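Hi everyone, thanks for making time for this. I'd like to walk you through a model I've been looking at, so please pull it up and follow along.

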Amino acid sequence: MPLDSIHAVIRQLEQQPRWRSRGQFRQVLNHWTAVVGEGVARQAAPVRLDQDVLHVAVVNPMWAQTLTLERLRILAKLNDRLNLNLSDIRFSSGDWYRQSKAGKITAAPASAPAELPEWLRQHPSYEPRAIPRSLQRPQTPAESFERWAGMTQQLSAQQPLCPQCQCHCPIGELKRWGRCSICAVKNLKGPVGRHSV
């Protein structure tokens, strides 16, 4: 009797209902870089699939926010390309910290702006100076917060003020809306959605 290859055995296991989500997660892992691009894949890595919700670890809170705004587009690409039925994606920098401590994720190298996808570079809130350049990962949450606070203060000192609320904001937001994104959303009439701004 011939023996099946390990890949054939794994595929058979993943067809069973109890193992189906593991097979789907493996598919996501195998195609993640092709779906989001190399620049984003260095900053964000899928860590688990739980009840059709994909959990992705991101290198810092700024990436979590940016990718959360793009999650519907990424979700649609994953579902279409892999023939899945994922319901949502959740991005967490805390997962990055926990996974890197466990040795499951390695530190992301600094990305030059040219390596980042076009949709990210064209986003009004994009700030290339907000991408950490240090390869040294913070060892504690307090150290991570200190780095974030220092970077935020440095960025604020270089950013123009919103004419409406007098808060610092990226210049791309001023060019697009004439004010910061928060004030722009407050002044919208009707439902707020991806295409309403």
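**A walk from the sheet outwards**

Let's start with strand 2 and strand 3, which pair in the parallel sense over five bridges. One pair to click on there is Leu 54, which stands opposite Ile 89 in strand 3. Helix 5 packs on the sheet and touches strand 2 and strand 3. The direction of helix 5 makes about 125° with that of strand 3. Do keep in mind that this is a predicted model.

Now the other side of strand 2. Strand 1, residues 44-50, and strand 2, residues 53-58, pair in the antiparallel sense over six bridges. Here Pro 46 stands opposite Val 56 in strand 2. Put the two pairings together and you have an open sheet of three strands in the order 1-2-3, with mixed pairing. Strand 1 and strand 3 are the edge strands, each pairing on one side only. On average, neighbouring strands of this sheet are turned by 25° against each other, direction ignored.

Is strand 1 mostly covered or mostly open? Mostly covered: five of its seven residues are buried.

Let me zoom out for a moment. The protein has 10 helices and three strands. From the N terminus on, the elements run α-α-α-β-β-α-α-β-α-α-α-α-α. Of the 197 residues, 35% count as buried. The protein exposes about 12,300 Å², and carbon and sulfur atoms supply 53% of that. For those of you who like contact maps: among contacts between residues at least 6 apart in sequence, 50% join residues at least 24 apart.

Next, the core. The largest nonpolar core has 28 residues, and those that touch the most other members are Trp 32, Leu 54, Ile 74 and Leu 78. Which elements give two or more residues to this core? They are helix 2 (20-36), helix 3 (38-41), strand 1, strand 2, helix 4 (61-69), helix 5 and strand 3 (88-92). Helix 2 provides the largest share, five residues.

Trp 32 is a good residue to centre your view on. Leaving aside neighbours within four places in sequence, Trp 32 is in contact with Gly 37, Ala 41, Ala 44, Ala 45, Pro 46, Leu 54, Val 56, Ile 74 and Leu 78. You'll recognise Pro 46 and Val 56 in that list, the pair that stand opposite each other in strand 1 and strand 2.

Now for some backbone angles. As a reminder, most residues other than glycine have a negative phi. The hairpin of strand 1 and strand 2 has two residues between the strands, and in it Gln 51 takes a positive phi near 55°. Asp 52, in the loop between strand 1 and strand 2, has a positive phi too, near 65°. With a relative accessible area of 34%, Asp 52 is partly exposed.

There is another positive phi further along, at Asn 83, where the value is near 55°. Asn 83 lies in the loop between helix 5 and strand 3. Is Asn 83 buried or exposed? It is exposed, because its relative accessible area is 69% and the cut-off for that class is over 50%.

Asn 79, by contrast in setting, sits in helix 5, residues 71-82. Its relative accessibility is 15%, so Asn 79 counts as buried. Apart from neighbours within four places in sequence, Asn 79 is in contact with Leu 84, Asn 85 and Leu 86.

Last stop, the cysteines. How many disulfides does the count come to? Zero. Cys 165 is in no disulfide, and the nearest cysteine sulfur, that of Cys 183, is 3.7 Å away. Why does the sulfur of Cys 180 form no bond with that of Cys 183? The two sulfurs are 3.5 Å apart, too far for a bond, because a disulfide needs the sulfur atoms within 2.5 Å. As for cover, Cys 180 is buried, with a relative accessible area of 6%, while Cys 165 counts as partly exposed at 31%.

That's the tour, and I'm happy to take questions.

How values were computed
Residues numbered from 1 in each chain as written. Predicted model: local features only at pLDDT ≥ 70, side-chain atom pairs only at ≥ 80, totals over all residues. Heavy atoms only, no water. Helix = DSSP H or I, 4+ residues; strand = E, 2+ residues; numbered from the N terminus. Buried < 20%, exposed > 50% of the residue type's maximum accessible area, 1.4 Å probe, protein only. Contact = heavy atoms within 4.5 Å. Pairing = 2+ DSSP bridges. Core = buried A, V, L, I, M, F, W, Y, C linked by side-chain atoms within 4.5 Å. Areas by Shrake-Rupley, 256 points an atom, 1.4 Å probe, with all protein chains shown as cover. Axes fitted to C-alpha atoms, helices over the stretch in contact; angles between N-to-C directions.
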